[in-house]
Each structure stands twice: as structure tokens, then as C-alpha cells.
Amino acid sequence: MITNKPLDISNFFVAGINYKKTDAITRGQFVISNYHYDSIIKIAPSYKIDSFFILSTCNRTEIYGFAENSSQLVDLLCTQATGDKKTFTSSAYIKRGKAAIEHLFNVGAGLDSQILGDYEIVGQLKQAVKFSKDRGYVNCFLERLVNNVLQTSKIIKNDTALSG
């Protein structure tokens with residue numbers, strides 16, 4: 001549901017929980033399966049969100065996207081979670097603009113993983129973005145951003161000792 005409105009990088013957010021501040025039981029309340037993801041995609045327009053993806057693994061659940069405010073993304077995510085918004089936000093990190101972009105690069109590079117340099121996240125990131133893109137919910141900026149994250153991750157893996 002991509003629209004042709006001008007992008008403002010300050011409207012790009014990530015809201016998430018991960019292993020650093022949240023135990024496995026709480027993280028489990030916010031796991032988003034493909035079934036839940038499909039339901040979220042169907043209702044995203046009612047939350048005024050037209051470009052986003054959700055990265056949901058055993059160590060994290062994050063929603064990245066463009067919105068007027070981060071609450072729209074959190075509210076959308078929580079519609080399909082077994083946990084509620086209060087539980088999510090009590091442990092969540094919310095980043096905006098440049099900080100959200102830097103976070104995505106850190107995740108893709110394996111710098112924000114429980115095991116430093118773990119590159120399993122790359123496949124999970126590709127899958128999450130593909131799911132949204134195939135349904136028309138990844139705008140040009142988001143696609144380019146993720147492609148740059150993936151290219152950078154590959155360079156880090158091949159040219160440093162981080163992964164080895």
C-alpha cells in the first residue's frame with residue numbers, strides 16, 4: 001500500500017524488545033508468526049502505516065517503519081501479540097530517524113546479537129523484508145536501506161574477524 005508522499009527520515013522508527021532487557025517468556029508474548037504478520041499487513045492502513053516490516057526471532061521482535069509517531073507501530077504490532085502494549089513498552093526501545101537506521105545496521109551486522117557476529121539474523125532480516133515487500137509494504141527508501149544493511153553485513157563478514 002505504498003503512497004507517493006515525501007519521506008521525512010524523522011518519521012522512520014524502530015520499536016522493539018530483545019534479549020538484553022526482556023526475558024524469554026515476555027519475548028514469547030510478542031512473537032509474530034507469518035499468520036499474525038499477514039493479519040497485521042491487512043490492518044496496517046487503518047493505522048496509517050504503508051511501509052514497514054517486522055523482524056521476529058527468538059531473541060527479538062522489532063517493527064521498523066514510517067509513521068507519524070512510534071505508537072502507531074507499537075499499536076499495530078500489539079494487535080496480533082498475546083502480550084499487551086503496556087508490557088511491550090515497559091521493556092521496549094524506540095528509536096527514530098538516524099538512531100533507528102544505525103540500529104538496523106547494528107542488527108544486520110551481528111553487533112546486536114546475543115552471540116557477537118551471529119549472522120543468522122541476516123536470513124531472518126531478508127525473510128521479514130521480503131514478506132512485507134511481496135505485499136506492497138516496503139517503499140523505495142526502506143528497500144534501499146535494507147539492501148545497504150545487507151551489503152555492509154556481507155563486507156563485515158568477509159573482511160573482518162568478527163564472524164570467525
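In strand β3, the side chains of Arg-60, Glu-62, Tyr-64 and Phe-66 point one way, while those of Thr-61, Ile-63 and Gly-65 point the other way, and all of these residues are buried. The model in which this is seen is a predicted one. Seven of the seven residues of β3 are buried, so the strand is largely enclosed by the rest of the structure.

The partners of β3 come next. β3 pairs with β1 in the antiparallel sense, over seven bridges. Within this pairing, Phe-13 has Gly-65 of β3 as its bridge partner, and Ala-15 has Ile-63 of β3. β3 also pairs with β2, again in the antiparallel sense, over five bridges. Here Ile-54 stands opposite Ile-63 in β3. Ile-63 thus appears in both pairings, as the bridge partner of Ala-15 and opposite Ile-54. The link from β2 to β3 is a hairpin of three residues.

Now follow β1. Phe-12, Val-14, Gly-16 and Asn-18 point one way from this strand, and Phe-13, Ala-15 and Ile-17 point the other way. Seven of the seven residues of β1 are buried, so β1 too is largely enclosed by the rest of the structure. Besides β3, with which β1 shares seven bridges, there is strand β4, residues 93-96, which runs antiparallel to β1 and is joined to β1 by four bridges. In that pairing Gly-16 stands opposite Tyr-93 of β4.

In the segment before β1 lies Asp-8. How accessible is Asp-8? Its relative accessibility is 38%, and a residue is called buried under 20% and exposed over 50%, so Asp-8 counts as partly exposed. The C-alpha atoms of Asp-8 and Glu-68 are separated by 9.8 Å, although the two residues are 60 apart along the chain.

Leu-142 offers a second case, in helix α7. Is Leu-142 buried or exposed? Leu-142 has a relative accessible area of 0%, and is therefore buried. The C-alpha atoms of Leu-142 and Gly-65 are 8.0 Å apart, with their positions 77 residues apart along the chain. Apart from neighbours within four places in sequence, Leu-142 is in contact with Phe-12, Ser-51, Phe-52 and Phe-53.

Phe-52 and Phe-53 also appear in the largest nonpolar core. This core has 48 residues, and Phe-52, Phe-53 and Phe-88 touch the most other members. At least two core residues come from each of β1 (12-18), α2 (34-43), β2 (52-56), β3 (60-66), α3 (70-78), α5 (98-108), α6 (120-134) and α7 (140-159). In soluble globular proteins, nonpolar side chains tend to be buried together.

Two of the helices that supply the core, α5 and α6, also pack against each other. Two packed helices are described by the angle between their axes and the distance between the axes. For α5 and α6 the angle is about 125° and the axes are 8 Å apart. These two helices are therefore oblique to each other. Which residues make the contact? From α5 they are Leu-104, Val-107 and Gly-108, and from α6 they are Ile-121, Val-122 and Leu-125. Of the residues in this contact, five are nonpolar, one is polar and none is charged.

Notes. Residues are numbered from 1 along each chain as its sequence is written. This is a predicted model: local features need pLDDT of at least 70, side-chain atom pairs count only at pLDDT 80 or more; totals for chains, interfaces and linings use all residues. Side-chain values use heavy atoms; hydrogens and water are left out. A nonpolar core is a set of buried Ala, Val, Leu, Ile, Met, Phe, Trp, Tyr and Cys residues joined through side-chain atoms within 4.5 Å. Buried means under 20% relative accessible area, exposed over 50%, partly exposed in between (1.4 Å probe, protein chains only). Axes are lines fitted to C-alpha atoms, for helices over the stretch in contact, and angles run from 0 to 180 degrees between N-to-C directions. Angles under 35 degrees count as roughly parallel, over 145 as roughly antiparallel, 65 to 115 as roughly perpendicular and the rest as oblique. Contact means heavy atoms within 4.5 Å. Ala, Val, Leu, Ile, Met, Phe, Trp, Tyr, Cys and Pro count as nonpolar, Asp, Glu, Lys and Arg as charged, and the others, Gly among them, as polar. Two strands pair if DSSP finds at least two bridges between them.
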